[in-house]
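User: Please take a close look at one part of this model, the loop that holds a residue with an unusual backbone angle, and then connect that part to the packing around it.

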Amino acid sequence: MTKIYHNPRCTKSRQALQLLESRGVEAEVIKYLETPPTKKELGEIIKMLGIPAESLVRKKETLYKELGLADKKLTDQQWIATMVEHPKLIERPIVVHNGQAAIGRPTEKITEILDA
């Protein structure tokens, strides 16, 4: 099953969903701002992405500055907990397909996991 962690207000997220649809990929659309991933789910996604948890954080997001996160040194588990509590901080879109994950910036990264 393919999943897309989607924000309908985000242009890149809409492009990613359109890409999946144009490729005939049926995906479970998860509006992560309404239904945030659990700590376990987010941890699994980060593992599939092969990145440190902090790399999934939207650092240009106003909330990032408001929470003073630039000045903090957090562990992966602390970053995950912060993103679950504040899903607006999660980079988007994220597509999970056949045990792989990609952040759709640019959308070609999604194509790579679809074609793998």
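Analyst: In this predicted model, asparagine 98 is found in the loop that links β3 and β4. Its phi is near 50°, a positive value in a residue other than glycine. The relative accessible area of asparagine 98 is 61%, and because values over 50% count as exposed, this residue is classed as exposed.

The strands on either side of that loop lead into the interior. Both β3 (94-97) and β4 (100-103) supply at least two residues to the largest nonpolar core, as do α2 (39-49), α3 (62-66) and α4 (76-85). That core has 22 residues, and those with the most contacts inside it are Leu56, Met83 and Ile94. The largest share, 4 residues, comes from α2. Such an arrangement can be set beside a general tendency: in soluble globular proteins, nonpolar side chains tend to be buried together.

Isoleucine 94 deserves a closer reading. Once its neighbours within four places in sequence are left aside, isoleucine 94 is in contact with Lys3, Ile4, Tyr5, Ile45, Leu56, Ala102 and Ile103. A second, separate core of 11 residues includes Ala102, together with Leu17, Leu20 and Ile110.

Two further backbone features belong to this description, each of them a cis peptide bond that ends in a proline. One joins arginine 92 and proline 93, with omega about -15°, and proline 93 is placed in the loop between α4 and β3. Another joins arginine 105 and proline 106, with omega about 0°, and proline 106 lies in the loop between β4 and α5.

From that loop one can go on to α5 and its packing partner. Helix α1 (residues 11-22) and helix α5 (residues 108-115) pack at an angle of about 30°, and their axes are 10 Å apart. Angles under 35 degrees count as roughly parallel, and α1 and α5 are therefore roughly parallel to each other. The crossing in which α1 passes α5 is right-handed. At the contact, Ala16, Leu19 and Leu20 in α1 meet Ile110, Thr111 and Leu114 in α5, and the residues involved divide into 5 nonpolar, 1 polar and no charged. Leu20 and Ile110, which take part in this helix contact, are also among the residues of the second core.

Terms used. Residues numbered from 1 in each chain as written. Predicted model: local features only at pLDDT ≥ 70, side-chain atom pairs only at ≥ 80, totals over all residues. Heavy atoms only, no water. Core = buried A, V, L, I, M, F, W, Y, C linked by side-chain atoms within 4.5 Å. Buried < 20%, exposed > 50% of the residue type's maximum accessible area, 1.4 Å probe, protein only. Contact = heavy atoms within 4.5 Å. Axes fitted to C-alpha atoms, helices over the stretch in contact; angles between N-to-C directions. Parallel < 35°, antiparallel > 145°, perpendicular 65-115°, else oblique. Left-handed = near helix turned anticlockwise from the far one by under 90°. Nonpolar A, V, L, I, M, F, W, Y, C, P; charged D, E, K, R; others polar.
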